[in-house]
Amino acid sequence: MTTVRQRRVGKGTEVAEDQPSEKNVKPDGKILADHTGRKLWNILSITVGGIVAISLGLLTSVYVATLHENDLWFSNIKEVEREISFRTECGLYYSYYKQMIQAASIQQGLHGLVYDNKTESVRTINILERMNVYQEVFLSILYRILPIQQYLEPVYFYIYTLFGLQAVYVIALYVTSWLLSGTWLSGLLAACWYITNRIDTTRVEFTIPLRENWALPFFAVQIAAITYLLRTHLQPVQERLTLMAVFIATFLFSLTWQFNQFMMLIQALALFILDCFDMLPTAKVTWLYIIQISGLLLVCVLQFFNSMILGSLLLSFNASVLIARTIQKNLKKGGLFNRLGKLILHVLLVLCLTLLINKFIKKILNLESDEHIFKFLKAKFGFGATRDFDANLYLCEEAFGLLPLNTFSRLSDTLLFYVYVFVLFLTTVAAVIVAFRNLSGSNQVQFIKKKEECAITLKPDAAYNLIHTVLFGCLALSTMRMKYLWTSHMCVFASFGLCSTEVWKLILKCVHLHTSQRTHVIKYSMPIITLLYISYKFWPGIMDELSELREFYDPDTVELMNWIKSNTPNTAVFAGSMQLLAGVKLCTGRTLTNHPHYEDKNLRERTKQIYQIYAKRSPEDVYRILRSFGTDYVILEDSICYERRHSRGCRLRDLLDIANGHIMDGLGENEPDLKTSLYPRFCEEIKKNLPSYTIHFTRVFQNKTFHVYKLAKHK
């Protein structure tokens, strides 16, 4: 049926619809020449854009490597100082790379990881099952088989690999922005924002072996692949290759970070929301659910059926969505209120199934690996106060607190935050309108007629990235440590909006100034102006930063590590803080009682017991606890015993007092049921050399920071 609608005529800049355009009267040869010219231009643009992407990636790698060298003088310091620079859990992860390198053979190195009895005393654990260290295994094997030992030290092979992954990270962000906007200028802006906001987008230069520095580049690649997958009119071969790329990136991301399941759960929620509002192709969403499940299960097999993976909410949620879909087959049919009712029922069904399946799995397998995370979340969001030591340990760490407000002022200095909020507002409004339109019944003829006149649309790839940035933004606002997942994507999303034809077309149409020429001028001029501003304001600062030279200096820790290596047997067992013991294992190879990889219930209980050295306990109690874990030496740190970094109530000694039911030190309120301890604080009283202490503990080393005591071996 033919319909008639009002003709839209521009102000002399656009050709009327019923008039023959120049293209229609050109000879065939001229049309072919134009087509060939456009094709050559596209090839040239892709080539230049690709070269710029690779160049920026490599420059970022060199940049962070130079900052690392300048900050520590890494090339000039001793090996023990290099290893001490890998603080806390970073040192623990790197120790397994070192262990594999020093093993007599690859087979012996792998055997030592599978049957490890030095990471946790009086226990044999499987490191490959407990921790995500396959990257260290792979890298150590690669170092052993490549002919590079004479030219490159193992530590440099390791850190250069991590800095090299930053190139992959930046290229993936660049490509995602390019795919969304259609111009590589957007990718250039995203990469520049990532670099100039380095303080808030990455911490790779000072926490090199941290799991997120391995995982986030693969996560960025996965997002780029999903963005491409959600484009319309893909050929079947392109779709299959893209799905393979998504699977590989998902698998590598899951393999390299223990918190993968929580990040992918948020991603699955984004897919679920968009699918409910009919903003993504259902078939592609199903494939992405299946890829998440299969990737995680493959990692589960490689990690010897790690219980934390089997009991993950992600597996339960994805399975629930697929089951609920099977039950509710007509979910996307009907009018507005009919669909809203079905949608509410669908959400409730998925939620109930997720909880039931997850509870069932954990009950059957007796899983408790991640219970500390849920205790932390419950306390963090105000569902009751807790005296749980593990939950409070997280709550009192700044990294797990709310995102500081000064983050936004730093992001605003580069104009990133302003542009991001502007783009986020426009795309959110567009998403709400499109979602309402979809729910209202898009199969009606009258609606289709109106839709043709409507300027507001949101492509599936843009819709996914919108929900992705909103959900990860909420995560970052609630937990500062997770901001790196959001701020890097913020660069992508802001640059996409600034270079998007659809965004500027919508704005210009709203103010009745739209022409295609004007849209293109703004689309390219705005990012160029922004890039010029960033270059002018931040280039001198970057140059100053690169010229600033510092040096690693921690003589007390170096002295401690050298003393341990020289004066204790190789089989000695050391107790102390988690952070310090990771360094002890790396620098000396001695056996530990506890360590910073906290995703195990037995280890958490063990750590709480070891930390009684900083509580108000009798020397007999502390001695009995330490000897139960085979401890030969205990290291006490003044920085913990007399801690001032945290406020009262969040110092480690306060957390122990609360957990033990004792009144905290210092002025301030205490809960009414807390009682005065019968004993003084162990870490303070032991230094007085009283007979009740010296009968069990003999001081064998001390400096300004550390005190080492040897435990007597009573029969």
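Let's begin with Phe 383, which has a relative accessibility of 58% and therefore counts as exposed, the cut-off being over 50%. You will find Phe 383 in the loop between α18 (371-380) and α19 (389-395). Keep in mind as you look around that this is a predicted model. Phe 383 has nonpolar company on the surface: together with Phe 374, Leu 377 and Phe 381 it forms a patch with about 390 Å² of accessible area.

From that patch, move on to another pair of aromatic residues, Tyr 174 and Trp 178. By the ring-pairing rule, the count for this model comes to 32 aromatic pairs. In the pair made by Tyr 174 and Trp 178, the ring centres are 5.9 Å apart and the planes meet at 85°, so the arrangement is edge-to-face. Helix α8 (residues 154-181) holds both of them, 4 residues apart, or about one turn of the helix. That spacing is worth a short reminder: an α-helix has 3.6 residues a turn, so residues three or four places apart point the same way. Tyr 174 and Trp 178 are both buried.

A second edge-to-face pair brings together Tyr 394 and Phe 400, because their planes also stand at 85°, with 4.8 Å between the ring centres. Tyr 394 is buried, at a relative accessible area of 14%, and Phe 400 is buried as well, at 13%. Both values fall under 20%, so they meet the cut-off for burial.

Rings can also join up in greater numbers. Ring pairs link Phe 74, Phe 86, Tyr 94, Tyr 97, Tyr 156, Tyr 158, Tyr 160 and Trp 214 into a cluster. One member of this cluster, Phe 74, has a charged neighbour too: Arg 82 lies over the face of its ring, at 5.3 Å from the centre. A similar theme appears at Tyr 93, where the charged end of Arg 211 sits over the ring, 3.9 Å from its centre.

Finally, follow the chain to helix α25 (residues 501-510), where Thr 501, Val 503, Trp 504, Leu 506 and Leu 508 are buried. What covers these buried residues? Among the elements doing so are α21 (416-439), α24 (483-498) and α26 (516-547). After α25 comes His 512, and its phi is positive, near 60°.

How values were computed:
Residues are numbered from 1 along each chain as its sequence is written. This is a predicted model: local features need pLDDT of at least 70, side-chain atom pairs count only at pLDDT 80 or more; totals for chains, interfaces and linings use all residues. Side-chain values use heavy atoms; hydrogens and water are left out. Buried means under 20% relative accessible area, exposed over 50%, partly exposed in between (1.4 Å probe, protein chains only). Helices (H or I, at least four residues) and strands (E, at least two) are DSSP runs, numbered from the N terminus. Contact means heavy atoms within 4.5 Å. Rings of Phe, Tyr and Trp (its six-membered ring) pair if their centres lie within 6.5 Å; planes under 30 degrees apart count as stacked, over 60 as edge-to-face and the rest as tilted. A charge sits over a ring if NZ of Lys or CZ of Arg is within 6 Å of the ring centre and within 35 degrees of the ring normal. Patches are made of residues with over 30% relative accessible area and no salt bridge: like charges are joined within 9 Å, nonpolar side chains (Val, Leu, Ile, Met, Phe, Trp, Tyr) within 5 Å. Accessible areas come from the Shrake-Rupley method with a 1.4 Å probe; for residues, only the protein chains shown count as cover. A salt bridge is a side-chain nitrogen of Lys or Arg within 4 Å of a carboxyl oxygen of Asp or Glu.
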